[in-house]
Amino acid sequence: MSSPYSLLIRGANIILPNGESMVGDVLTRDRQIVEVAPQISTTAPTTEIDAQGLTLLPGVIDPQVHFREPGLEYKEDLFTASCACAKGGVTSFLEMPNTRPLTTTQQALDDKLQRAASKCVVNYGFFIGATPENLPDLLLATPTPGIKVFMGSMHGQLLMDQEEALDAIFARGDRLIAVHAEDQARINQRRQEFAGIHDPAVHSQIQDNQAALLATQLALKLSRKYQRRLHILHMSTAEEAELLRQDKPSWVTAEVTPQHLVLNTSAYDTIGTLAQMNPPLRSPHDNEVLWQALRDGVIDFIATDHAPHTLAEKAQEYPNTPSGMPGVETSLPVMLTAAQEGRCTVSQVVNWMSHAVAVAYGIPNKGAIAPGYDADLVLVDLNTYHPVRREELLTKCGWSPFEGWNLTGWPVTTIVSGEIVYDQGKVNTQVRGRALSFI
């Protein structure tokens, strides 16, 4: 905006950077937080929000989403997805390269950035995808949070399942490498063993815990060989968590999705192919080990892996059904409901969904409520429960694996760069987010 825009949030329960909470006020001006205090008075023209009874958190940074544009806009697009983000309290996202065309060149990255600038109501960043042939692009493309490597669960150019090709990427440069860690050779073998079975529950047996462990072991081996910054995406198994617990280099981070914490293979009985994702849902034992690893800091933060498909696509017979589920609208309420149930604390959720993500990806001035930080904020109601309803979702795919779940911590107001982008059920579609920077 051409003139400074001021916002005063009054009487909120503020989650502070040290994890403690304080009832007080937050003043923002011209995109940034300028004051946090028990009571703030100002004579400047200011929009005020009465936040009594609500909790103020830093906006969520979702570091792994698939928003389908360009090429697959019938499932989702940058506008619909960013509106869903605003409704879910997600003020920034990092999007993956498996669009059409693939994001494997500077030109493709620039195209996505231009699209996002014209239509995203929240902040954005885009990974560049690794292929066996695009090493120069991986070294030079900018701005990007890192290199996405599909070690498995992929086909075509983005499949990087040969150690020699992976070694070449780890050996050059210092940019973060984020891996989808599943062993494609094992998956291929298991597909043959389970061929002809149409029960979607077999998906978790085909892409089993061992397939995930083998790939994570290889990624860690290469990371240690070159002391290369590695991030393990959507960790799903107890075996991987225990591997990291025993030996986690200081330059390695890992994430887990809400669905791998609160859903397991029993979901196939209730929602069928809507529960199908990569890596697959696991056992209740895996749920518990992942929770403990997250609480202990073995796993660093949360990502949704928002990967929408249409209900018509999901209605096909397995294995013709695509893997993936939406998540940006429900991730914060799912995690805050877990906090209310005693699985974690609200301040831990803030760390896992905001602060730790900003630190891991070098995103400056994000992830905390303090003067000098960007005014990306979300007010949530921890006193009211509301069910996930299909007809209320803003994601274009129009469904959720959590449909019918009664959740708390729903965003009431979401603020991006000091502007109200979502309030009381409505998105301000005139707001535009900004491209994230990475240091």
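In this predicted model, Thr395 touches Glu76, Ala84, His306, Pro308, Pro326 and Glu329, leaving out residues up to four places away in sequence. With one of these, Glu76, the contact is polar: the two side chains come to 2.6 Å. As for where Thr395 sits, it belongs to the loop between β15 (377–387) and β16 (406–416). Being in a loop doesn't put Thr395 on the outside here, though: its relative accessible area is 5%, so it falls under the 20% cut-off and counts as buried.

Now to the aromatic rings. A pair of aromatic rings is described by the distance of the centres and the angle of the planes. Going by the pairing rule, the model has seven aromatic pairs. Take Phe67 and Phe93: the ring centres are 4.7 Å apart and the planes meet at 65°, which makes the pair edge-to-face because that angle is over 60 degrees. Phe67 comes from the loop between β6 (60–65) and α1 (78–87), while Phe93 is part of strand β7 (residues 90–95), so the pair ties together parts 26 residues apart in sequence. Phe67 is buried, at 0% relative accessible area, and Phe93 is buried too, with a relative accessibility of 0%.

A second edge-to-face pair is made by Phe127 and Tyr361, with 5.9 Å from centre to centre and 85° between the planes. This one links distant parts of the chain, 234 residues apart: Phe127 is in the loop between β8 (123–126) and β9 (128–129), and Tyr361 is in helix α14 (residues 346–361). Both of these residues, Phe127 and Tyr361, are buried. Back with the pair described earlier, Phe67 and Phe93 join Tyr124 and Phe126 in one aromatic cluster.

Phe93 turns up once more in the nonpolar interior. In soluble globular proteins, nonpolar side chains tend to be buried together. Here the largest nonpolar core has 77 residues, and Phe93 is among the members that touch the most others, along with Leu57, Val149, Met151, Val179, Ile232 and Leu332. For a closer look at one of them, Ile232 is in contact with Val179, Thr216, Leu220, Leu244, Val252, Thr253, Ala254 and Glu255, once its neighbours within four places in sequence are set aside. Val179, then, is both a contact of Ile232 and another of the core members with the most contacts to other members. Apart from this core lies another, made up of 17 residues, including Ile14, Val26, Ile33 and Leu54.

Technical notes: Residues numbered from 1 in each chain as written. Predicted model: local features only at pLDDT ≥ 70, side-chain atom pairs only at ≥ 80, totals over all residues. Heavy atoms only, no water. Helix = DSSP H or I, 4+ residues; strand = E, 2+ residues; numbered from the N terminus. Buried < 20%, exposed > 50% of the residue type's maximum accessible area, 1.4 Å probe, protein only. Polar contact = N/O pair within 3.5 Å; in protein donor to acceptor, adjacent residues only side chain to side chain. Contact = heavy atoms within 4.5 Å. Phe/Tyr/Trp six-rings, centres within 6.5 Å; stacked < 30°, edge-to-face > 60°. Core = buried A, V, L, I, M, F, W, Y, C linked by side-chain atoms within 4.5 Å.
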